[in-house]
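Subject: Structure handover

Hi,

Here is the structure I promised to pass on. Have a look at it first, then read on for what turned up when I went through it.

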Amino acid sequence: MTRLSTFLGTMVCVAAWAWAVPTLAVDAAAFREQVAPLLAAKCGGCHGPSGAESGFRIDVREQALAGGDSGEKGIIPGKPAESEIYERITTSDKETVMPAEGEPLSAAEQ
């Protein structure tokens with residue numbers, strides 16, 4: 001198993017824990033096909049298996065929920081719009097927007 005496929009598999013688990021809803025099977029499939037590849041491509045390099053920039057890892061459930069050095073909850077189960085990760089990918093503040101390097105996520109990716 002490659003590092004990317006391991007990361008994607010872990011991301012599916014994070015999604016199931018963090019965004020669990022009654023239609024989990026549908027949401028897990030959508031996550032696996034749409035969100036996990038995006039997180040791996042845009043976030044995994046700095047916040048995945050090989051790093052934890054600002055103390056935040058997206059591939060470890062406890063760390064994804066707890067957040068990083070900011071002290072804000074990274075992911076709030078059932079309330080994604082209140083999560084720090086959502087704030088960081090949707091903000092227009094150039095100092096805090098994620099990803100820090102490269103192009104920000106498009107409206108469709110958010």
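From the N terminus on, the elements run α-α-α-α-α, so to speak a plain list: 5 helices and 0 strands. Keep in mind that this is a predicted model.

**Overall numbers**

The chain has 110 residues, and buried ones make up 29% of them. Its accessible surface comes to about 6,800 Å², with 55% of that belonging to carbon and sulfur atoms. If you take the contacts between residues at least 6 apart in sequence, 37% of them join residues at least 24 apart.

**The core**

The largest nonpolar core has 10 residues in all: Phe 31, Ala 36, Leu 39, Cys 43, Phe 56, Ile 58, Ala 64, Leu 65, Ile 75 and Ile 85. Two elements give two or more residues to this core, helix 2 (24–42) and helix 4 (61–66). Helix 2 has the largest share, with 3 residues. As background, nonpolar side chains tend to be buried together in soluble globular proteins.

**His 47 and what surrounds it**

His 47 sits in helix 3, which covers residues 44–47. Is His 47 buried or exposed? With a relative accessible area of 13%, His 47 counts as buried. A polar atom of its side chain lies 2.9 Å from the backbone oxygen of Phe 56, and Phe 56 is also one of the core residues. Not counting neighbours within four places in sequence, His 47 is in contact with Glu 53, Phe 56, Arg 57, Ile 58, Asp 59 and Met 98.

Two of those partners, Arg 57 and Asp 59, meet through their side chains in a salt bridge, at 2.7 Å from N to O. Asp 59 is buried, because its relative accessible area is 8% and the cut-off is under 20%.

Ser 54 is worth a click too. This residue is in the loop between helix 3 and helix 4, and Ser 54 has a positive phi of about 55° although it is not a glycine.

**The other salt bridge**

The structure holds 2 salt bridges. Besides the Arg 57 and Asp 59 pair, Arg 88 forms one with Glu 84, where the closest N and O atoms are 2.6 Å apart. Why are Arg 88 and Glu 84 separated by about one helical turn? Because they are 4 residues apart in helix 5. Arg 88 is partly exposed at 25% relative accessibility, whereas Glu 84 is buried at 17%.

**The segment after helix 5**

Helix 5 covers residues 84–90, and Pro 99 lies in the segment after it. The peptide bond from Met 98 to Pro 99 is cis, with omega near 5°, so you may want to keep that bond in view when you set up the model. Met 98 is also among the contacts of His 47.

Leu 105 has its place in the segment after helix 5 as well. Leu 105 is buried, with a relative accessible area of 9%. Leaving out neighbours within four places in sequence, Leu 105 is in contact with Leu 38, Lys 42, Ile 89, Met 98, Pro 99 and Gln 110. Leu 105 and Lys 42 are 63 residues apart along the chain, while their C-alpha atoms are separated by 8.2 Å.

Gly 45, in helix 3, can be set beside Pro 99: these two are 54 residues apart in sequence and 10.0 Å apart in space, C-alpha to C-alpha. Gly 45 is exposed, at 57% relative accessibility. Not counting residues up to four places away in sequence, Gly 45 touches Ala 40 and Ser 50.

**Cysteines**

How many disulfides does the structure hold? The count is 0. A disulfide is a covalent bond between the sulfur atoms of two cysteines. The sulfur of Cys 43 has its closest cysteine sulfur in Cys 46, 8.8 Å away, which is too far for a bond. Cys 43 is buried, with a relative accessible area of 15%, whereas Cys 46 is partly exposed at 40%. Cys 43 is also a member of the largest nonpolar core.

Cheers

Technical notes
Residues are numbered from 1 along each chain as its sequence is written. This is a predicted model: local features need pLDDT of at least 70, side-chain atom pairs count only at pLDDT 80 or more; totals for chains, interfaces and linings use all residues. Side-chain values use heavy atoms; hydrogens and water are left out. Buried means under 20% relative accessible area, exposed over 50%, partly exposed in between (1.4 Å probe, protein chains only). A polar contact is a pair of N or O atoms within 3.5 Å; within protein, one must be able to donate a hydrogen and the other to accept it, and residues adjacent in sequence count only if both atoms are side-chain atoms. Contact means heavy atoms within 4.5 Å. A nonpolar core is a set of buried Ala, Val, Leu, Ile, Met, Phe, Trp, Tyr and Cys residues joined through side-chain atoms within 4.5 Å. Accessible areas come from the Shrake-Rupley method with a 1.4 Å probe; for residues, only the protein chains shown count as cover. A salt bridge is a side-chain nitrogen of Lys or Arg within 4 Å of a carboxyl oxygen of Asp or Glu. A disulfide is a pair of cysteine sulfur atoms within 2.5 Å.
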